[in-house]
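Work through the exercises below with the model open. Try each task before reading its solution.

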Amino acid sequence: MKYEFTPEMKSLKGAELLDQRDPLSKFRQDFNFPKTVNGEDQLYFAGHSLGLMPKKAKDYINEELQAWAELGVEGHFHAKNPWMPYHENITASFARLVGAKESEVVAMNTLTVNLHLLMVSFYRPTPKKFKILIENNTFPSDKYGVDSQARFHGFNAKEAVVELKPRPGEITVREEDLLAQIETLGDSLALVILGNCNYLSGQCFPFERITKLAQAKGAKVGFNLAHGAGNLLLKLHDWNVDFAVWCSYKYLNSGPGGLAGAFIHENHLNKKDIQRFEGWWGCNKESRFKMGPDFEPLPTAEAWQLSNPPIFQLASLRASMDLFDRATMEKLVEKRNHLTSFLEWKLKSELGAFTEIVTPAERGAMLCVKVKKDPKHLLEVLKSRSVILDFRYPDILRMTPAPLYNSFADVHRLIEVMKEALHDNSARPA
Ligand SMILES: Cc1ncc(COP(=O)(O)O)c(C=O)c1O
């Protein structure tokens, strides 16, 4: 959707007017913003890295600390929110978040662990069908994950793992090239794993088209939604995606090292022939405490759980998911489009000579911006003015206006600081 931005919206007043019209603006007050030395809110644009702390997270964690103090082991059954089924408090919210049935999602472990666990189930290579397709600029952990899985199955990772590359001189992969690569790999393709959005460029690939084409070749399709969950409107069930994993400390604000999520399509649930690494928390809830030697898998995604989960991490995740449930992904995506388009418009109209947006139109909230004049000086100024975003050497800034807590006025202030730095004549060309 195209947004109309008028010259009056270039002022702080104009941005504040957009905030007044924003039905989600009230959610900002539910978060703790780190403060500047003057006690003001920092300009926080790093929600793609670590989301801000929901104020309620403290209460939710304290509630469980209190239950532990008062009840000890009995908290598993008699805490206000008993710990035994505590992870189930997240299930409905995760299902809404990724467009899944409740049986298809589970909160467990951390992202890379879940990626490995699901590759154990969905990367079942044979001598003829063993290739894994990934992006060439994938997050290192994902690359280590697929390489080590290929080696684990006795393949040479350099042969098994195929990296999608942009055309020479281009920064992002063209959709047609991605689809053509799947065609070319054909029957040799065992698995496609893509970061959606890509963590470095912000590019978002078309879930459904990729899934359909790769599955037609007999391959499985998994998405790493580290930068997609809480950022994109997802319909994983309807798109027939085989599996997905995501972390919850970025857009989902669950705190450092927060618990991850996993989606397994119901096509693969309750199947006797599926390979899986097993642990007692994946075992039938009725018989689990009989401590028998045989694994009876749960009929849901919970069958992939290994251990009893960390309750304090789940508690902070609950605090954030409450906010997502109240805001709804549909409304968040509407605001995301508006807010990120506002940032795009301001970058182009006020800083077009000094910056270039490298994120394509298919994107979420994050914009990656190439800085054409003295990135080092810009970074120093941003830092001195308590602007939090991140920098990728040599010249890319990644900035995310998170729709749950960022405002149009934040975007205005960010651009003002950037203007000050980039118009400074002592700054040098990049
Ligand atoms: C795309 C992507 N994959 C994997 C990871 C690794 O996540 P974890 O440390 O939770 O396993 C990250 C973390 O930032 C990420 O952004």
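**Exercise 1: A helix pair**

α11 passes α13 in a right-handed crossing. This is a predicted model. Task: work out how helices α11 and α13 lie relative to each other, and which residues make their contact.

Solution.
- Step 1. Locate the helices: α11 covers residues 329-351, and α13 covers residues 408-422.
- Step 2. Take the geometry. The two axes come within 10 Å and cross at roughly 25 degrees.
- Step 3. Classify the angle. Angles under 35 degrees count as roughly parallel, so α11 and α13 are roughly parallel to each other.
- Step 4. List the contact. α11 supplies Leu339, Phe342, Leu343, Lys346, Glu350 and Leu351. From α13 come Phe408, Val411, Ile415, Met418, Lys419 and Leu422.
- Step 5. Sort these residues: 9 are nonpolar, 3 are charged and none is polar.

**Exercise 2: The open sheet**

Task: give the strand order of the sheet with 7 strands, and explain why one side of β4 and of β6 has no neighbour in it.

Solution.
- Step 1. Read across the open sheet: β4-β10-β9-β8-β7-β5-β6, with mixed pairing.
- Step 2. Look at the edges. β4 (105-107) and β6 (161-164) each have a single partner strand, so one side of each is left without a neighbour in the sheet.
- Step 3. Check the twist. Neighbouring strands are turned by 15 degrees against each other on average, direction ignored.
- Step 4. Zoom in on one pair. β5 (residues 131-135) and β6 run parallel, joined by 4 bridges. Within this pair, leucine 133 has valine 162 of β6 as its bridge partner.
- Step 5. Add helix α4 (residues 88-98). This helix packs on the sheet and touches β4, β9 (243-246) and β10 (261-264). The direction of α4 makes about 125 degrees with that of β4.
- Step 6. Add helix α8 (residues 175-185). α8 lies across β5, β6 and β7 (189-195), at about 170 degrees to β5.

**Exercise 3: The ligand shell**

Task: find which elements give two or more residues to the shell around the ligand.

Solution.
- Step 1. List the shell: Thr110, Leu111, Thr112, Phe139, Ser141, Asp142, Gly195, Tyr199, Asn224, Ala226, His227 and Cys247.
- Step 2. Assign elements. Those giving two or more residues are α5 (111-122) and α6 (140-152).
- Step 3. Sort by type: 5 nonpolar, 6 polar and 1 charged.

**Exercise 4: Partners of β15**

Task: describe how β12 and β14 pair with β15.

Solution.
- Step 1. β12 (residues 367-371) pairs with β15 (residues 396-399) in the antiparallel sense over 4 bridges. Valine 369 stands opposite leucine 397.
- Step 2. β14 (residues 390-392) also pairs with β15 in the antiparallel sense, over 3 bridges. Aspartate 390 stands opposite arginine 398.
- Step 3. Follow the chain: a hairpin joins β14 to β15 through 3 residues.

Conventions:
Residues numbered from 1 in each chain as written. Predicted model: local features only at pLDDT ≥ 70, side-chain atom pairs only at ≥ 80, totals over all residues. Pairing = 2+ DSSP bridges. Axes fitted to C-alpha atoms, helices over the stretch in contact; angles between N-to-C directions. Contact = placed C-beta atoms within 7 Å. Parallel < 35°, antiparallel > 145°, perpendicular 65-115°, else oblique. Left-handed = near helix turned anticlockwise from the far one by under 90°. Nonpolar A, V, L, I, M, F, W, Y, C, P; charged D, E, K, R; others polar. Near = placed C-beta within 6 Å.
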